[in-house]
Amino acid sequence: MVTSIKTNRTVICAYCGKEADFVTGFTIYHSRHDLHHKHFWYCKPCEAYVGCHGESDKPLGRLAKADLRAAKILAHASFDRLWRGDRKIFSSRSAAYAWLGMKLGKNKDECHIGEFDVATCNNVVSMCDEKWGGYA
């Protein structure tokens with residue numbers, strides 16, 4: 001059973017077209033006590049979910065099944081190393097997203113890994129790995 005939290009926001013599952021439930025992390029991660037206080041949008045029939053910004057009900061991206069969640073994690077790992085750490089290629093996250101948007105033909109507002117599909121995430125990994133390798 002899913003226990004929804006009341007909110008005025010509505011999030012629709014792209015997989016089934018039904019409204020997702022706004023839940024705590026306990027619903028998704030029973031054994032991860034460190035995530036119980038966090039908020040998520042969750043579509044139980046599709047087993048799709050997405051976390052929220054801070055303590056808000058604003059989703060971090062689109063609802064994702066396991067394959068898309070895995071692809072987004074890999075895309076972020078490849079992308080984030082371009083602007084974080086000791087060997088930065090871009091001076092900021094914003095500059096890195098400007099480059100990525102240009103490469104994908106998207107404007108800055110459309111360019112967010114949390115909104116991408118599996119194919120686009122895979123493309124991001126390839127482009128970022130190529131960019132990283134070119135700056136050895």
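Reader: What makes β1, β2 and β3 a sheet, and in what order do the strands stand?
Author: In this predicted model, the 3 strands form an open, antiparallel sheet in the order β1-β2-β3. Strands here are DSSP runs of E, at least two residues long, and helices are runs of H or I, at least four residues long, both numbered from the N terminus. Two strands pair if DSSP finds at least two bridges between them. β1 (residues 21–24) and β2 have 4 bridges. β2 and β3 (residues 48–51) also have 4 bridges. Local features need pLDDT of at least 70 and side-chain atom pairs 80 or more, while totals for chains, interfaces and linings use all residues. Residues are numbered from 1 along each chain as its sequence is written, and side-chain values use heavy atoms, without hydrogens or water.

Reader: Which residues does Phe40 of β2 face across the bridges?
Author: Val23 is its bridge partner. Gly51 in β3 stands opposite Phe40. Trp41 stands opposite Val50 in β3.

Reader: How many residues of β2 are buried?
Author: 5 of the 5 residues in β2 (39–43) are buried, that is, under 20% relative accessible area (exposed is over 50%, partly exposed in between; 1.4 Å probe, protein chains only). His39, Trp41 and Cys43 are buried on one side, Phe40 and Tyr42 on the other.

Reader: What makes Asp57 and Arg9 a salt bridge?
Author: Their N to O distance is 3.1 Å. The cut-off is 4 Å, from a side-chain nitrogen of Lys or Arg to a carboxyl oxygen of Asp or Glu, so the pair qualifies. The two residues are 48 apart: Asp57 in the loop between β3 and α2, Arg9 in the segment before β1.

Reader: Why is Asp57 called buried or exposed?
Author: Its relative accessible area is 18%, so Asp57 is buried. Arg9 has 36%, so Arg9 is partly exposed.

Reader: What does the salt bridge between Asp129 and Arg81 tie together?
Author: The closest N and O atoms are 2.5 Å apart. Asp129 lies in helix α4 and Arg81 in the loop between α2 and α3, so parts 48 residues apart in sequence are tied together. Asp129 has 33% relative accessibility, so Asp129 counts as partly exposed. Arg81, at 29%, is also partly exposed.

Reader: How do you know that the span of α4 fits its number of residues?
Author: α4 (residues 118–133) has 16 residues and reaches 22 Å from first to last C-alpha, close to the 22 Å expected. The expected span is 1.5 Å times one less than the number of residues.
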